[in-house]
Amino acid sequence: MPELPEVETVCRSLRPHLIGKTIARTEVVETRLRIPVDEAALARLVGKTVFEIGRAAKYILISVTDDLVWVFHLGMSGKLIWLESDAPRRKHDHIVAHFAEGGELRYHDPRRFGLTIVTRREILQELPQLRLLGIDPFDADLTGDYLYRFTRSSERRIRDVLLDQQIIAGLGNIYANEILARAGIKPTRRACCLTRKQAHTIARTIPELLQQAIRWCGTSFSDYRDADDKRGEFQAHLRVYDREGRKCRKCPSLIKRVAIGNRSAFYCPSCQK
Ligand SMILES: [Zn+2]
């Protein structure tokens, strides 16, 4: 599932293709995504020019002229891919935007958990999907104190606090595990047992780790690709995620896996306390 570094990589790979170009035609092949695609809303993009591509947590925001924003969430297996005009259609290419200058943007999503919405800029932050999001991991307000405050009364495991999109928006299981590995804290620790110092260590590690993952263009296990259909390379730098039974990169111990809820957590029993 694409997490923040993958979504940021997609944004970066889209910019050279889309900025300054005008949407000539939109085509909806399949409306059944996580929420049904509003074909009439998509048609409002015709004649509009893309001038900015940004991100809010894991939502991709394509800003076009006339104060419209084209929002995407990639769900589990969504991809936004740039192709030459009339490249052969593939199964699961659900939405196509044809550009006046040539070229097509396609939304491809075999599992159809993604979504796309067209909205006016002034009501963007009121969308139910965006309204409840916590702070962005790169926001300067994500401090140790912020995290410490949210953990005081929490019986939850620290890994689950990091996954809570209303506290920090954009982290998923891969990076939550990797952040804790780098911070030296076991994912199974009760959040309320965290010291203030540990909260600061985690808060500092979050943007550092994500920045590093973005430099490697994200993590590709299977589906994830950027707009040029390139894989990420951060999987080679993972310390614990999906490395059960393999040697820790820092000590002779073997990485352990434990289930928290229905998602696995991974850690080194020696390096993480
Ligand atoms: Zn270790």
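**Figure 1. Pairing of strands E6 and E7 in the predicted model.** In this predicted model, strand E6 (residues 93-99) runs antiparallel to E7, and five bridges join the two strands. One bridge links Ile-95 with Tyr-107 in E7. Four residues separate the strands of this hairpin, in which Gly-102 adopts a positive phi near 100°. E7 also pairs with strand E5 (residues 79-83), again in the antiparallel sense and over five bridges. In that pairing, Trp-82 has Leu-105 of E7 as its bridge partner.

**Figure 2. Burial of strand E7.** Strand E7 covers residues 104-108, and five of its five residues are buried, so the strand is largely enclosed by the rest of the structure. Which residues lie on each face of E7? Glu-104, Arg-106 and His-108 are on one side, and Leu-105 and Tyr-107 are on the other. Both faces are covered, since the residues on either side are all buried.

**Figure 3. The zinc site.** Four cysteine sulfur atoms coordinate the zinc ion: the SG atoms of Cys-248, Cys-251, Cys-268 and Cys-271, at 2.2 to 2.4 Å. The angles among the four donor atoms are 101 to 113°, and the site is tetrahedral. Along the sequence, the donor residues follow the spacing C-x2-C-x16-C-x2-C. Cys-248 and Cys-251 are both buried.

**Figure 4. A salt bridge between helix H1 and strand E2.** Glu-8 and Arg-55 form a salt bridge through their side chains, with an N to O distance of 2.9 Å. Glu-8 belongs to helix H1 (residues 4-18) and Arg-55 to strand E2 (residues 50-56), so the pair ties together parts that are 47 residues apart in sequence. Both Glu-8 and Arg-55 are buried.

**Figure 5. Salt bridges of Glu-30 and Asp-93, and a salt-bridge network.** The whole structure contains 16 salt bridges. One of them joins Glu-30 to Arg-32, with the closest N and O atoms 2.9 Å apart. Glu-30 counts as buried because its relative accessibility is 16%, whereas Arg-32, at 51%, counts as exposed. Another salt bridge pairs the side chains of Asp-93 and Arg-90, at 3.7 Å from N to O. Asp-93 is buried, with a relative accessible area of 3%, and Arg-90, at 38% relative accessibility, is partly exposed. Elsewhere, Glu-8, Arg-12, Arg-55 and Asp-136 are joined into one network by salt bridges that share partners.

**Figure 6. Nonpolar cores.** In soluble globular proteins, nonpolar side chains tend to be buried together. The largest nonpolar core here has 39 residues, of which Leu-162, Ile-168, Leu-171, Tyr-175, Ile-202 and Ile-206 touch the most other members. At least two residues of this core come from each of helix H4 (144-151), helix H5 (158-163), helix H6 (173-183) and helix H7 (196-215). Another core, of 31 residues, lies apart from it and has Val-10, Leu-33, Ile-53 and Ile-95 among its members.

**Figure 7. Helix H6 and its surroundings.** Ten of the eleven residues of H6 are buried, so the helix is largely enclosed by the rest of the structure. The buried residues are Asn-173, Ile-174, Tyr-175, Ala-176, Asn-177, Glu-178, Ile-179, Leu-180, Ala-181 and Ala-183. They pack against H1, H5, H7 and strand E10 (263-267). Leaving out residues up to four places away in sequence, Tyr-175 touches Glu-3, Pro-5, Glu-6, Leu-209, Leu-210, Ala-213, Gly-218, Thr-219 and Phe-234. Just after H6, Gly-184 has a positive phi of about 75°.

**Figure 8. Surroundings of Gln-212.** Gln-212 is a residue of helix H7 and is partly exposed, with a relative accessible area of 26%. Its contacts, leaving aside neighbours within four places in sequence, are with Arg-182 and Phe-234. The C-alpha atoms of Gln-212 and Leu-61 are separated by 23 Å, and these two residues are 151 places apart along the chain.

How values were computed
Residues are numbered from 1 along each chain as its sequence is written. This is a predicted model: local features need pLDDT of at least 70, side-chain atom pairs count only at pLDDT 80 or more; totals for chains, interfaces and linings use all residues. Side-chain values use heavy atoms; hydrogens and water are left out. Donors are N, O and S atoms within 2.8 Å of the metal (3.2 Å for Na, K and Ca); water is not among the atoms, so sites may look incomplete. Four donors count as tetrahedral if all angles lie between 85 and 135 degrees; four count as square planar and six as octahedral if opposite donors are over 155 degrees apart and all others between 65 and 115; anything else is irregular. Buried means under 20% relative accessible area, exposed over 50%, partly exposed in between (1.4 Å probe, protein chains only). A salt bridge is a side-chain nitrogen of Lys or Arg within 4 Å of a carboxyl oxygen of Asp or Glu. A nonpolar core is a set of buried Ala, Val, Leu, Ile, Met, Phe, Trp, Tyr and Cys residues joined through side-chain atoms within 4.5 Å. Contact means heavy atoms within 4.5 Å. Two strands pair if DSSP finds at least two bridges between them.
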